[in-house]
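Here's a quick tour of a protein model for your next coffee break. Have a look at it first, then read on.

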Amino acid sequence: MPAWLAAPGERRRVTITLAAVLVIAGLAFAWGANGQALEIYYAAAVRSMAASWHDFLFGAFDPAGTITLDKLPGAFWLQALSVRIFGLHTWTIVLPQILEGIATVLALYVVVRRQAGTLAGLVAAALAAVSPALVALDRGNVADSLLIMLLVLAADATTRAATTGRLRTLLLAGALVGLAFQAKMIEAWAILPALAVFYILSAPGTMRRRVAAVAAAGLVVAVVSLSWMTFVSLVPAGSRPDVDGTTHNSIYQQVFQYNGFGRIDAPVASAGAGPTAAALLSLFSVRHGPGADRLVVGAAGRDGAWLLPAALLSVVGVLLARRRRDRRDPVRSGAVMWAVWLATLFVLFSAAGAINPYYLGALSPPIAALCGIGVSVAWRRRGQGRAALGWLLTAAIATAVYALALLPARDRPGWLPAGVVVLGAAAALMALWALLAPAPRRAALAVGAVLIAAALAPVVASASLVCGGRGPFDTPFQTPAVTAVTQGLARRAQDLSPQVVATFKRGGQGTRYPLATYTSLVAAPLIYATGDEVLPIGGFRGTNPSPSLASLRHLIASGQLHIVLGPAGTDPRMRWVGAHCAHLRPVGLIPAFYCGVPPGFP
């Protein structure tokens, strides 16, 4: 085992333990992945991108490359390459996220070990591997898996840079954050304060030199982050797809307004969205509105906050225990870094207009890292006074009480509340025993008992996600009705009826566009099922001006388009279709129109 994974005297023990953690993580992420219900919008885009290098380069949603995804395509490039190499299958689309999740757990071990030692790294990796938010995230096909992996790697590069003083390593951290921007845009920049604080606190050299190094790394972040966007902006509009999520065909507007600051005070399913898009988006979003308690109660709390009390106690305990250490103390600086990461994302997600459950996966690394550092500090100080044992006692009580508050009244194992009480009480008594009669062996037993008790609820929550075949849009112990929505709609979209596919392929025979739909959401199942072009009117939300009404009328008049799906609502394009095309039997709840009768179609 390399020296950066374990010291020579502990390699065998650490190798076995770390391998066990990674195997558990891999099983949690991959178990049943071949039957996972995909996020069909992204899956359809991946199929389009895998079939054409032009679509791949520009992140096109549809095979003809008329419009892009409504996000940057960084994470979906990996999925498209996987499909191009191994063929189209649920497994090949989910595989990159499984590998990214395992890499995240390993990278978290490495960075926390650099900061606080092997025990801290192992505890952090183990807790991350069983974090429900991370488990659900890495079982699906959304972009956040790559984002989190790259951000944890950036934290490791920053830690190495602060240790060695090498500027190039800090610049590497900036490049990794820039690559993370390609996966999830502005959210990647949210950890920059944490990385900057860590480096300034613990790197060698004068304050002026440290600040200059951080500024240089920030410049690298900006250059790498904006590189692809600048390239797209320089390509003539006629040679690339229209940019979704914009009104001016601007990739910068898509990133910084539509996917950025415009989401702070406005829900994702806004009034401007098409009715189909708005209804679906509201079903898959976290239902608790913006507020300070949004992430700590209900389904969101059960997804990512089980160990939040222990993490907060760790910050306080570590800062107090190591307050007299040298400025460059990596343990104290590491605790500050992860605390700033956690606080920044907590505020961001609490204030955003609407968030999806899988966003909370980004909270798992800092929470797990803080718990790992706290356990390590308590372990080292177990024979040096009673402060560490008091921390253990408080952590045991706080995590048990909070877990009981999070557990729903129904749709969870009936024995779980009693298990939380019994293990929590046992851990508290063990810590109290060691506190009243200090002894290294008793303190060691108390540390183990507190860890087991704290991990019980999140482990069972993660197991419920895996055994239920659930994914990124799901949360632990959700009701069967919610699961029926998140999984049922996704599966029906993914496994589209062959009769529906055959009907519309026949109906669009001989045309340039076999079908047009209002919003990309309606187009996605057919694109994923057939690989054929479906023209998305209005993009993801239905608010994009592409194609214009004049272009749509031209396509219909010239016989290039016959069939349109979507409501004849307030959108001028769909109002025109409703007024000038023949009504057909709806497809499910979606109205259908003939704007020209192809030969031989019944």
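What follows covers the overall make-up, a set of strands and a pocket.

## The big picture

Keep in mind that this is a predicted model. The protein has 602 residues, and 57% of them are buried. Its secondary structure comes to 25 helices and five strands.

Take the contacts between residues at least 6 apart in sequence: 72% of these join residues at least 24 apart. As for the outside, the accessible surface is about 23,100 Å², with 67% of that belonging to carbon and sulfur atoms.

## Strand β5 and its partners

Strand β5 spans residues 590-594, and because four of its five residues are buried, the rest of the structure largely encloses it.

Two strands pair with β5. On one hand there's β3 (residues 563-565), which runs antiparallel to β5 and is held by three bridges; here Leu 565 has Ala 592 of β5 as its bridge partner. On the other there's β4 (residues 582-587), also antiparallel to β5, with four bridges. In that pairing, Val 587 is matched with Ile 590 of β5.

β4 and β5 make a hairpin, with just two residues between them. Gly 588 sits in that turn, and its phi is positive, at about 65°.

## The second largest pocket

What lines the second largest pocket? There are 18 lining residues, and those nearest the pocket's centre are Glu 187, Asn 259, Gly 260, Arg 263 and Leu 348. By type, the lining splits into twelve nonpolar, four charged and two polar residues. The space inside this pocket is about 370 Å³.

Conventions: Residues are numbered from 1 along each chain as its sequence is written. This is a predicted model: local features need pLDDT of at least 70, side-chain atom pairs count only at pLDDT 80 or more; totals for chains, interfaces and linings use all residues. Side-chain values use heavy atoms; hydrogens and water are left out. Buried means under 20% relative accessible area, exposed over 50%, partly exposed in between (1.4 Å probe, protein chains only). Two strands pair if DSSP finds at least two bridges between them. On a 1 Å grid over the protein atoms alone, a cavity is a set of points where a 1.4 Å probe fits but cannot get out, and a pocket is an open set with protein on both sides within 12 Å along at least five of seven lines; lining residues have an atom within 4 Å of a point. Grid points are joined across faces, edges and corners, and a volume is the space filled by probe spheres set on the points. Ala, Val, Leu, Ile, Met, Phe, Trp, Tyr, Cys and Pro count as nonpolar, Asp, Glu, Lys and Arg as charged, and the others, Gly among them, as polar. Contact means heavy atoms within 4.5 Å. Accessible areas come from the Shrake-Rupley method with a 1.4 Å probe; for residues, only the protein chains shown count as cover.
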